[in-house]
Amino acid sequence: MNTDQPAIEIKDLVYRYGRAEAGHGFNLTVPRGKCYALFGRNGAGKTTTMKCLLSLLRPKSGTVRVFGMDPRKDEVAVKSRLAYVPDSVAFYPWMSVRDTLNYFASFRKHWNLKLEGELLERFRLEPAKNVNALSKGQKTQLALMTAVCPEPDLLILDEPTSGLDPIVRREFIETVIGAYQEGDPGNRTVFVSTHLITEFEGLIDEFTIMDAGKDVVRMNADEAREKYQKIRARFEHEVPKLDLPGALSSRIRGRELEVIVNGGGSAIMELLRAQSPEELTSESLRLEEIFSATLQ
Amino acid sequence: MLIQLNFKSGKPVYVQVVDQIKSAAASGALKPGEALPSIRPLAEELRVNRNTIAKAYGELESQGVIESRHGKGCFLSENHSPLKKDIRRKMLIEEIDQAVVQAHNLQFTREEFQKLVEERFDAMEKKQSQNTGGAQ
């Protein structure tokens, strides 16, 4: 097994038709053992990308590889190494929790029964209960169990915690960190798409922001927070007219200037300082703010 | 020991964990030989990637701040006399540098800043003597 091979590699993927220009595809490399996030507005193509990984959709052009394999040609081999939690989960309505777990386990070579027991207890799920009687949160917890118990090399989460209460969301993230990652640290890869960026912030090693089917920004989370800064300056009278090279955006409110930069923050601080502002501060942006700054 | 992460500091998350454990060791909040939280519960509690905590602990171990005992977890090194003066000095310098930059931004002169430092020292000492007096 080639361990340098990325968990996911997507090159020049095009699945948009109509007005979108052809030729500009989507690129993504998810290294093994990392938690990788895919951010984008509604309709940016996140779910479509995930469906290409699962061979649920056929891309128009480009290549998709999961552990070096083509999900269309090696569907069974690819699916045996990953698990997927979609945004809305559906189970067979006549099954109990126990039946559902057995059903999912029957497709897997490996199923961690000890983990199953721990998670049933943690989520307070009654095995005999019919899945129809479960709340939305409990259904998501059951879906997470069916994804984590086979201990796959890759866990794909598509908007997994939307519409859930804060306690379920917290338990969900803790389960991904603890029960999933801990099993084989360094080898378990998470690929997650979410709008709840702040909640997943600590988990994310690297991310891609996508827009209209294309990758706009690809970064390491720590580096991003180091480079993206919000600089605020307040002047005694009015904000002087300044050329701020490299600024992503700037906004003037009264005597205050707010500048957002992606790198080069210290040079802009120097420029502003030379204008003797009353106050000059800078802070790093969180991932959610980086997302907004990129797409606005 | 309480670890608080700040995603607006621009500091890598694992560095924040390393720095805060060193501070806890320097201040005595963690004592030599005392156990550190295991990686998994700490990662779950802070809701950060498990590998981030593992990286922080690896860094602390390579610096000799903590020791991992097989199967038992990580402990603050026994011979860990509160951090060596030069390390503590470095930690303090980082904080002072930030305050100096802030003083500059807020347009305080060197003299004003130094005077303010003196004042704060006096205020803290006064508060401390009141507290210890009150507790006894």
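## A walk through chains A and B

Start with a hairpin: select β11(A) and β12(A), which have 2 residues between the strands, and find G254(A), which takes a positive phi near 60°. Before going on, keep in mind that this is a predicted model, where local features need pLDDT of at least 70, side-chain atom pairs count only at pLDDT 80 or more, and totals for chains, interfaces and linings use all residues. Residues are numbered from 1 along each chain as its sequence is written, while chains are lettered from A and ligands numbered from 1 in the order in which they are written.

**Stop 1: the sheet around the hairpin**

Stay on the hairpin and colour residues 247-253 of chain A, which are β11; this strand pairs with β12(A) in the antiparallel sense over 6 bridges. Pairing here asks for at least two bridges found by DSSP between two strands. Strands themselves are DSSP runs of E with at least two residues, helices are runs of H or I with at least four, and both are numbered from the N terminus. For one rung of this ladder, click R251(A), whose bridge partner in β12(A) is E258(A).

Now add residues 228-234 of chain A. That's β10, and it pairs with β12 (residues 256-262) of chain A over 7 bridges, again in the antiparallel sense. On the other side, β10(A) has 6 antiparallel bridges to β13(A).

Which residue stands opposite L257(A) in β12(A)? Click A233(A): that's the one. A233(A) also stands opposite L280(A) in β13(A).

Show the four strands together and you get an open sheet in the order β11-β12-β10-β13, with antiparallel pairing. β11 and β13 (279-284) of chain A stand at the edges with a single partner strand each, so one side of each has no neighbour in the sheet. From one strand to the next, the twist averages 15°. Such angles run from 0 to 180 degrees between N-to-C directions, with axes being lines fitted to C-alpha atoms (for helices, over the stretch in contact).

**Stop 2: the six-stranded sheet**

Next, select β5, β6, β7, β3, β8 and β9 of chain A. In that order they make an open sheet of 6 strands with mixed pairing. Its edges are β5 (82-85) and β9 (214-220) of chain A, each pairing on one side only. Neighbouring strands are turned against each other by 15° on average, direction ignored.

Zoom in on the β5 edge: β5(A) runs parallel to β6 (residues 154-158) of chain A, joined by 4 bridges. Here L82(A) stands opposite L154(A) in β6(A).

What packs on this sheet? Show residues 287-295 of chain A: this is helix α10, and it touches β3 (35-40), β8 (206-211) and β9 of chain A. The direction of α10(A) makes about 30° with that of β8(A). A contact means that the C-beta atoms of two residues, placed from the backbone, lie within 7 Å.

**Stop 3: over to chain B**

Bring chain B into view. 19 residues of chain B are in contact with 22 residues of chain A. On the chain B side, the elements giving two or more residues are α2 (39-46) and α3 (50-62), and α2(B) has the largest share, with 4 residues. By class, that side has 9 nonpolar, 5 polar and 5 charged residues. For these classes, Ala, Val, Leu, Ile, Met, Phe, Trp, Tyr, Cys and Pro are nonpolar, Asp, Glu, Lys and Arg are charged, and the others, Gly among them, are polar.

Keep α2(B) selected and add helix α6 (residues 166-180) of chain A. Their axes come within 9 Å and cross at roughly 160°. The two helices α6(A) and α2(B) are therefore roughly antiparallel, a label for angles over 145 degrees (under 35 is roughly parallel, 65 to 115 roughly perpendicular, the rest oblique).

Show side chains for E174(A), I177(A) and G178(A) on α6(A), then R40(B), A43(B) and E44(B) on α2(B): these make the contact. They divide into 2 nonpolar, 1 polar and 3 charged.

**Last stop: zoom out**

Finish with the whole of chain A, which has 10 helices and 13 strands. Its C-alpha atoms fill a box of roughly 70 × 45 × 35 Å along the principal axes. Of its 296 residues, 37% count as buried, that is, with 20 or more other C-beta atoms within 10 Å of their own (12 or fewer is exposed, in between is partly exposed; C-beta atoms are placed from the backbone).
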